[in-house]
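Reader: I'm new to this and keep tripping over the labels people put on structures. Could we go through some of them together?

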Amino acid sequence: MSEDAATGTDNAPATAGMTADGAADTPAAVPGAGMVADSAGAAGPQSRTADIVPGPGGVMTDEVGVVTGELTLRTEYADGRVTLRVQYKDADEWYAVTGGSVALADPAGLDAVHSVAVGLLHRPEG
């Protein structure tokens, strides 16, 4: 290592692009800064799923009435709304849970809504 590299006198800015007041001296390109992993963005469509077994009354759906047995619950967020859907485990068709749609202003609440829905609908002991 050269003495210049060790002492920081290799003509590189010693401030790492910052000024004394903490503001950036020049804009710095930072790959991925301000981006989220989901290409649709934080407010884009999102979903969570869980396998459930409802109690003896099953789950009421808009399309086919009551469904029972081993189900998969999907909690979807899109366009400012959360919607609950169920399907028979490993089936192709999804059914809207009756009364299972509500406005959700902050998509960060999706996990909490999903946890509550699982807690209410998953009743394997009856």
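**Labels and the values behind them**

Author: Sure, and let's start with Asp51: at 45% relative accessibility, Asp51 counts as partly exposed. Keep in mind that this is a predicted model.

Reader: Why is Asp51 called partly exposed?

Author: Exposed needs over 50% and buried needs under 20%. Asp51 has 45%, so it lands in between. Lys89, at 34%, gets the label partly exposed by the same reasoning.

Reader: What makes Lys89 and Asp51 a salt bridge?

Author: The general idea is that side chains of opposite charge can pair when their charged atoms come close. The cut-off is a Lys or Arg side-chain nitrogen within 4 Å of an Asp or Glu carboxyl oxygen. For Lys89 and Asp51 the closest N and O atoms are 2.7 Å apart, so the pair passes.

Reader: And why say that this pair ties parts together?

Author: Look at where the two residues sit: Asp51 is in strand 1, while Lys89 is in the loop between strand 5 and strand 6. Those parts are 38 residues apart in sequence, so the bridge ties them together.

Reader: How many salt bridges turn up in the whole structure?

Author: A search finds four. Among them are two that involve Glu76: one with Arg74, at 2.6 Å between the closest N and O atoms, and one with Arg85, at 2.8 Å. Both distances are within 4 Å, so both pairs qualify.

Reader: What makes Arg74, Glu76 and Arg85 one network?

Author: Shared partners: the salt bridges join Arg74, Glu76 and Arg85 into one network. Glu76 is the residue that pairs with Arg74 and also with Arg85.

Reader: Is Glu76 buried or exposed, and how do you know?

Author: Buried, because its relative accessible area is 17% and the limit is under 20%. Arg85, at 24%, is over that limit but not over 50%, so Arg85 is partly exposed.

Reader: What is the charged end of Arg74 doing with Trp94?

Author: It sits over the ring of Trp94, 4.0 Å from the ring's centre. The distance part of that label asks for within 6 Å, so 4.0 Å meets it.

Reader: How many aromatic pairs does a search find?

Author: Zero, over the whole structure.

Reader: Why is Gln87 called buried?

Author: Its relative accessible area is 8%, and under 20% means buried. Gln87 lies in strand 5. Beyond its sequence neighbours, its contacts include Leu71, Thr72 and Trp94.

Reader: On to helix 2. How do you know that its buried residues line one face?

Author: The buried ones are Leu110, His114, Ala117, Val118 and Leu121. Seen down the helix axis, they fall within an arc of 100°, so they line one face. On the other side, Val116 and Leu120 are exposed.

Reader: What covers those buried residues of helix 2?

Author: The cover includes strand 1, strand 2, strand 4 and strand 5.

Reader: And what makes His114 buried?

Author: Its relative accessible area is 10%, which is under 20%, so His114 counts as buried. Leaving aside neighbours within four places in sequence, His114 is in contact with Arg48, Thr49, Ala50, Leu73 and Thr75.

Key
Residues are numbered from 1 along each chain as its sequence is written. This is a predicted model: local features need pLDDT of at least 70, side-chain atom pairs count only at pLDDT 80 or more; totals for chains, interfaces and linings use all residues. Side-chain values use heavy atoms; hydrogens and water are left out. Rings of Phe, Tyr and Trp (its six-membered ring) pair if their centres lie within 6.5 Å; planes under 30 degrees apart count as stacked, over 60 as edge-to-face and the rest as tilted. A charge sits over a ring if NZ of Lys or CZ of Arg is within 6 Å of the ring centre and within 35 degrees of the ring normal. Helices (H or I, at least four residues) and strands (E, at least two) are DSSP runs, numbered from the N terminus. Buried means under 20% relative accessible area, exposed over 50%, partly exposed in between (1.4 Å probe, protein chains only). Contact means heavy atoms within 4.5 Å. The arc is that of the directions from the helix axis to the C-beta atoms.
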